[in-house]
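Reader: I have a chain on screen and want to go through its helices, core and charged pairs. Can we take it in short turns?

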Amino acid sequence: LEVFDGVLKGLSVGGMVGVLVGIVALFTEAVGAAFELSEQANEVADNTGMSYIQAERLTSATQDAVSEGQLLASTFEDVLAVQQSMTNELGIMISVTPEVAGATSEIASAFGITNEMAGAVNANLIKMGVPMENAAAMQADIAKEAMMAGVSIEGVMEDISKQTETTSKFF
């Protein structure tokens, strides 16, 4: 406290006002970020059937993962779209990690498919027995094979996302 007393005594009135304005600005930004996170959690809860608390935890973890800067082409909204798509396919009992959703979103960006389709493909690969941690890599391999074969990546992914029972015999 003595250190702060010395600092405060050394500040002019203008300096004190500047400090207070800075504190108010930080507080306002924090409240705005919390409000935005709350709105996004409500949207996730509405779209997936999760409870608000589950959605808030998922949204917060996703924001943290995206903020770490490990994703090149995916935004927070992209990763949430994948998570929502996978949750809609697999149900709320399966927890889709931000890392898996982020990797899936990166694949969607790289191969020109929607995040929702990429999430549905991952979910269906998981339904076929592919571990969640491997589904995104398998999806990338499938997209590469489709590209090398000269067929529509989107068409292949759409078939997988809609035809789990039919396509499962090939995996």
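What follows is a set of questions and answers on this predicted model.

Reader: How far apart are the end C-alpha atoms of helix 5?

Author: Helix 5 covers residues 98–111, which makes 14 residues. At 1.5 Å a residue the helix should span 20 Å. The model agrees with that expectation: the end C-alpha atoms are 20 Å apart.

Reader: How many residues of helix 5 are buried?

Author: Buried here means under 20% relative accessible area. The buried residues include Pro98 at the start, and Val100, Thr104, Glu106 and Phe111 are also among them. Helix 5 is mostly covered, and the count of buried residues is 10 of 14.

Reader: What phi does glycine 112 take?

Author: Glycine 112 comes just after helix 5. Its phi is positive, at about 70°.

Reader: Which helix gives the largest share of the largest nonpolar core?

Author: This core has 36 residues. Those with the most contacts inside it are Met86, Ile113, Leu125, Ile153 and Met157. Elements giving two or more residues to the core include helix 2 (13–48), helix 3 (52–67) and helix 8 (153–162). The largest share is 7 residues, and it comes from helix 7.

Reader: Which residues are in contact with methionine 157, leaving aside its neighbours within four places in sequence?

Author: Methionine 157 is one of the residues with the most contacts inside the core. Contact here means heavy atoms within 4.5 Å. With the neighbours within four places left aside, the partners of methionine 157 are Ile113, Met117, Val121, Gln139, Ile142 and Ala143.

Reader: Now the charged pairs. How far apart along the chain are glutamate 89 and lysine 127?

Author: The structure holds 3 salt bridges. In one of them, the side chains of glutamate 89 and lysine 127 meet at 3.2 Å, N to O. Glutamate 89 is in helix 4 and lysine 127 in helix 6, so the pair links distant parts of the chain, 38 residues apart.

Reader: Are glutamate 89 and lysine 127 buried, partly exposed or exposed?

Author: The limits are 20% and 50% relative accessible area, with partly exposed in between. Glutamate 89 has 31%. Lysine 127 has 44%. Both values fall between the limits, so glutamate 89 and lysine 127 are partly exposed.

Reader: What separates aspartate 141 and lysine 144 in helix 7?

Author: Their side chains meet in a salt bridge, 3.9 Å from N to O. Aspartate 141 is partly exposed at 44%, and lysine 144 is partly exposed at 41%. An α-helix has 3.6 residues a turn, so residues three or four places apart point the same way. Being 3 residues apart in helix 7, aspartate 141 and lysine 144 are separated by about one helical turn.

Reader: And helix 8: what is the relative accessible area of lysine 162?

Author: Lysine 162 forms a salt bridge with glutamate 158, with the closest N and O atoms 3.2 Å apart. Both lie in helix 8, 4 residues apart, about one turn of the helix. Glutamate 158 is partly exposed at 32%. Lysine 162 is exposed, with a relative accessible area of 58%.

Reader: One last check. What distance separates the C-alpha atoms of valine 44 and glutamine 83?

Author: Valine 44 lies in helix 2. Its relative accessible area is 0%, so valine 44 is buried. Glutamine 83 is 39 residues away along the chain, and the C-alpha atoms of the two are separated by 9.1 Å.

Key
Residues numbered from 1 in each chain as written. Predicted model: local features only at pLDDT ≥ 70, side-chain atom pairs only at ≥ 80, totals over all residues. Heavy atoms only, no water. Expected span 1.5 Å × (residues − 1). Buried < 20%, exposed > 50% of the residue type's maximum accessible area, 1.4 Å probe, protein only. Core = buried A, V, L, I, M, F, W, Y, C linked by side-chain atoms within 4.5 Å. Salt bridge = Lys/Arg side-chain N within 4 Å of Asp/Glu carboxyl O.
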